[in-house]
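Here is a short report for a reader meeting this structure anew. Take a look at the display, then read on.

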Amino acid sequence: MSQQLSINGVTHTVDVDDDTPLLWVLRDVIGLTGTKFGCGIALCGACTVHIDGVPRRSCITSVRSVANASIRTIEALETTPVGRSLQKAWLDLEVVQCGYCQSGQLMSAAALLAGNATPSDEDIDTVMSGNVCRCGTYGRIRAAIKQAAAEIHQSAPEGTR
Amino acid sequence: MSGTPSHALSRRSFLVSATATAGGLLIGFRVPLARGQSADAALEPNAFVRIDRAGAIRVTLPYVEMGQGAYTAQAQLLAEELEVEIGQLTLEHAPPNEALYSHPVFGDQITGGSAGLRGAWEPLRQAGATARTLLTQAAARRWRVSPSSCSAERGEIVHASSGRRIRYSELVDAAARLPVPKNVALKSPAQFRIVGKPVNRVDTPDKVNGKAKFGIDALPAGVKFAAVAACPVFGGQVGTIDDTAAKSIRGVRQIVRLEDAVAVIADHTWAARKGLAALKVTWNEGANANVDTQALVAECNAALDRPGVTATTHGDVKAAEAQAASFYDADFRLPMLAHLAMEPINCTVHMRKDSCEIWVGCQRLALARRMAAEASGLPIEQITVHNHLLGGGFGRRLEADYVAQAVRIARHVDGPVKVIWSREEDVQHDFFRYHNHSRVRVGLDANDAPISFSHKIVGPAVMARWLPAFFQNNVDLDIISVAAGTYAWPNVHVEYVRVEPPRGLNVGNWRGVGASRNAFVVESAIDDLAKLAGKDPLTYRRELLAKSPRLLHVLNKVAELAQWGTPLGAGRGRGIALLDDFGSYVAQIAEVTVSRSGQVRVDRVFCVVDCGFAVNPDIVKAQLEGGIIYGVSAVLHGRITVAKGRIQQGNFDDCPVLRMHDSPLIEVHVVPSLEAPGGVGEPGTAAVFPAVTNAIFAATGKRLLDLPIDTTQLRNLP
């Protein structure tokens with residue numbers, strides 16, 4: 001069936017069965033390949049996207065369930081201040097190795113910081129433990145999230161902190 | 001520097017010495033000058049660098065990027081000698097070409113063995129220096145001055161005394177007409193301004209915004225998508241197929257039958273996967289239908305009792321054993337392991353009547369091309385391979401089976417097809433690290449000092465298939481790597497009993513290779529020997545390393561970092577491990593906590609590395625950090641098992657790996673050094689196995705001889 005999806009602020013019309021996971025629509029149908037396939041059953045977090053601001057594993061999220069939602073992917077991360085701070089911290093601390101899992105890591109981290117401006121180590125672990133990295137960049141990810149949080153906090157106008 | 005012959009024979013030691021001494025091994029370093037005289041005149045003095053009239057400096061990178069920082073390090077080497085900024089370079093993946101891009105020691109186009117940087121170290125600096133020398137000569141001619149009065153700076157040749165400057169792009173035509181110099185002077189480390197610095201990685205900006213292209217991201221126009229299932233019993237074949245239901249799935253275009261696998265081709269991956277699920281296949285399971293792990297382990301156990309081929313011998317172990325007052329005996333058993341790179345195996349192929357185009361990320365590109373030629377039936381010249389970033393390699397992508405399979409599928413498909421394995425397919429049809437058993441016997445004198453060391457190794461000869469030059473006199477040179485460590489044993493004997501898995505069960509290289517098995521064996525034994533001698537594990541090691549200054553230095557440094565000897569709480573312990581391989585020296589201390597229920601948490605790992613000259617110290621650290629995490633996942637959880645000829649695991653639920661919350665804190669110290677660079681991708685992984693089990697030994701008194709660790713053995717221990 002034909003369906004409209006709002007992805008990074010752009011409306012796309014796709015013609016797929018409505019049980020099709022968003023992951024494959026993004027990657028194979030629309031050509032947004034920044035969102036990655038890792039496990040297919042929501043165990044690794046590589047496919048994480050934001051659905052109305054909430055982090056979701058796109059490999060088990062049917063297109064039917066997101067028909068009226070605002071979908072944001074890694075390709076739009078740089079459009080938000082939190083996203084830009086995270087990208088900068090990721091590069092400042094040289095978090096990335098192979099990089100395959102990092103789209104998902106960044107999307108999980110962005111959702112974390114959007115809801116919790118000053119996460120503790122425990123908060124970070126709780127959210128980020130859904131994202132597997134086989135290159136072992138966890139320590140640097142944690143440090144980069146903290147750096148981004150500090151930067152966002154510093155740059156926020158008085159009264160909004 | 002080691003007293004043991006096994007070290008002299010070890011593959012990585014060989015790499016270092018050959019690389020250091022044998023310029024003649026640098027296969028294809030120079031390309032014919034004619035290549036630089038093409039219509040779009042450019043300076044192209046070798047296969048690595050090309051400068052055109054517009055000023056673009058294109059660098060071809062022979063070692064692939066799989067997260068290890070290879071592109072950055074190679075760019076550093078070239079930019080340093082070419083006297084440009086890294087940002088002035090346009091970096092390109094090398095195409096498959098054994099003549100131009102083979103590793104000087106492996107003799108094939110391979111990124112692996114922690115050897116890429118060692119392979120690049122001389123050739124890429126020479127490539128840059130050659131181009132810079134030609135440009136300098138061209139400028140000197142134009143100005144009628146001596147080349148020695150000119151210098152190169154950030155893409156320009158400068159004549160300091162007259163203040164004249166000219167851009168490289170303006171010298172390209174003249175420089176291309178000059179003969180390529182045979183010998184060029186390389187800068188000394190004191191002159192380095194880019195090499196040796198923690199410069200920013202070149203591959204990462206596009207990895208934080210979704211733009212980086214991995215093999216799985218290739219989308220040639222009109223591409224279709226394939227889901228594939230190989231016979232679940234390794235070595236088996238397709239029997240019957242009923243595709244009625246599969247063909248009725250919307251988006252499914254075609255069913256392809258191979259001898260050993262079926263594939264469903266569709267408009268997108270989900271339709272292909274649904275089609276595959278709906279496909280009714282019977283399999284001819286073949287000879288392995290009843291193979292199970294118990295039988296494979298039993299075969300390796302039995303092989304421990306058979307005499308092996310002598311791999312190394314030094315002194316007279318038999319005579320020493322006849323004099324021994326007592327013996328230390330231990331058998332070690334290591335499991336099968338899968339790789340689980342984050343990017344599942346995939347390959348995209350467009351097969352045409354007279355050509356075959358491939359998009360993939362592969363550690364062994366020329367092999368991929370050769371296998372594609374064979375699978376396609378086309379001459380090798382008709383095969384084009386576009387390499388991509390790799391979403392992790394870890395040794396899995398040193399194989400090219402998936403390229404051959406994708407080509408065989410693509411032969412049936414009109415237009416390009418992208419084959420993506422499910423995670424389960426990726427795990428179950430891996431080229432596993434195979435079972436590997438070891439038997440150690442150490443003869444001790446009346447004071448419990450070692451007088452002989454013998455080590456029998458049982459396992460497959462991966463090199464016999466994968467790199468036959470490293471299978472010599474019936475010995476796999478990888479599986480015996482560091483088999484006696486670097487300790488000053490007076491008499492050493494290492495022997496090898498070859499045991500191959502059943503045909504169809506594929507085995508290959510796994511991060512840390514031979515060292516990831518033998519470091520565990522040797523460092524476990526040393527820890528036990530220290531205990532027998534009533535000595536502290538640090539002191540005991542120091543005594544046996546008196547003639548190994550670099551290893552001794554990293555050992556002392558890590559002991560200082562980890563505050564060895566300071567008290568830890570109940571259920572906690574520290575373990576040391578050393579490794580001298582890949583041209584690098586590594587010492588680690590792991591700190592663990594063992595709960596009353598036997599659960600192990602690796603709290604911290606300290607690591608000191610002397611990898612010679614560190615081309616990019618931050619990447620060195622990152623490699624050690626990542627290698628340690630990879631190894632801790634395996635020591636705690638890594639085990640692949642077989643039942644009825646099928647691999648029993650398939651995804652991150654039954655192949656647990658470390659996640660952020662259970663990862664150790666890691667502190668890496670890089671020893672400053674001007675020695676030749678060593679490899680850093682694998683030592684972190686190899687050394688952490690025994691660091692963890694030695695820490696468990698310190699915490700509980702329990703020596704774990706089998707991996708992964710069995711928590712039931714650790715319950716209710718002191």
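Across which strands of chain B does helix α5 (residues 116-143) of chain B lie? The helix lies across β5, β6 and β7 of chain B. Its direction is at about 130° to β5(B). Keep in mind that this is a predicted model.

**The sheet in chain B**

The strands under discussion form an open sheet. Its 3 strands follow the order β5-β6-β7 (chain B), and the pairing is antiparallel. β5 (150-153) and β7 (164-167) of chain B are at the edges. Each has a single partner strand, so one side of each is left without a neighbour in the sheet. From one strand to the next, the twist averages 25°.

Now take one pair. Strand β6 (residues 156-159) of chain B joins β7(B) over 4 bridges, in the antiparallel sense. In β7(B), B:R167 stands opposite B:E156.

**Two domains in chain A**

Turn to chain A. The domain assignment splits this chain into domain 1 (2-76) and domain 2 (80-155). The C-alpha centres of domain 1 of chain A and domain 2 of chain A are 21 Å apart. The two domains touch: 15 residues from domain 1 of chain A and 12 residues from domain 2 of chain A take part in the contact.

Which elements supply at least two residues each to the side of domain 1 of chain A that touches domain 2 of chain A? They are β3 (48-51) and β4 (54-57) of chain A. β3(A) gives the most, with 3 residues.

**Where chain A meets chain B**

The contact between the chains draws 48 residues from chain A and 48 residues from chain B. On the side of chain A that touches chain B, the elements giving two or more residues are α1 (22-30), α2 (81-92), α3 (102-115), α4 (121-128) and α5 (138-155) of chain A. α5(A) provides the largest share, 4 residues.

The table sets out two contact sides of chain A by residue class.

| Side | Nonpolar | Polar | Charged |
|---|---|---|---|
| Chain A, touching chain B | 24 residues | 16 residues | 8 residues |
| Domain 1 of chain A, touching domain 2 of chain A | 7 residues | 7 residues | 1 residue |

**In brief**

Chain B holds an antiparallel sheet of 3 strands, with α5(B) lying across β5, β6 and β7 of chain B. Chain A is assigned domain 1 and domain 2. Chain A also touches chain B, and α5(A) gives the largest share of that side of chain A.

Notes. Residues numbered from 1 in each chain as written. Chains lettered and ligands numbered in written order. Predicted model: local features only at pLDDT ≥ 70, side-chain atom pairs only at ≥ 80, totals over all residues. Contact = placed C-beta atoms within 7 Å. Nonpolar A, V, L, I, M, F, W, Y, C, P; charged D, E, K, R; others polar. Domains from an automatic or database assignment. Pairing = 2+ DSSP bridges. Axes fitted to C-alpha atoms, helices over the stretch in contact; angles between N-to-C directions.
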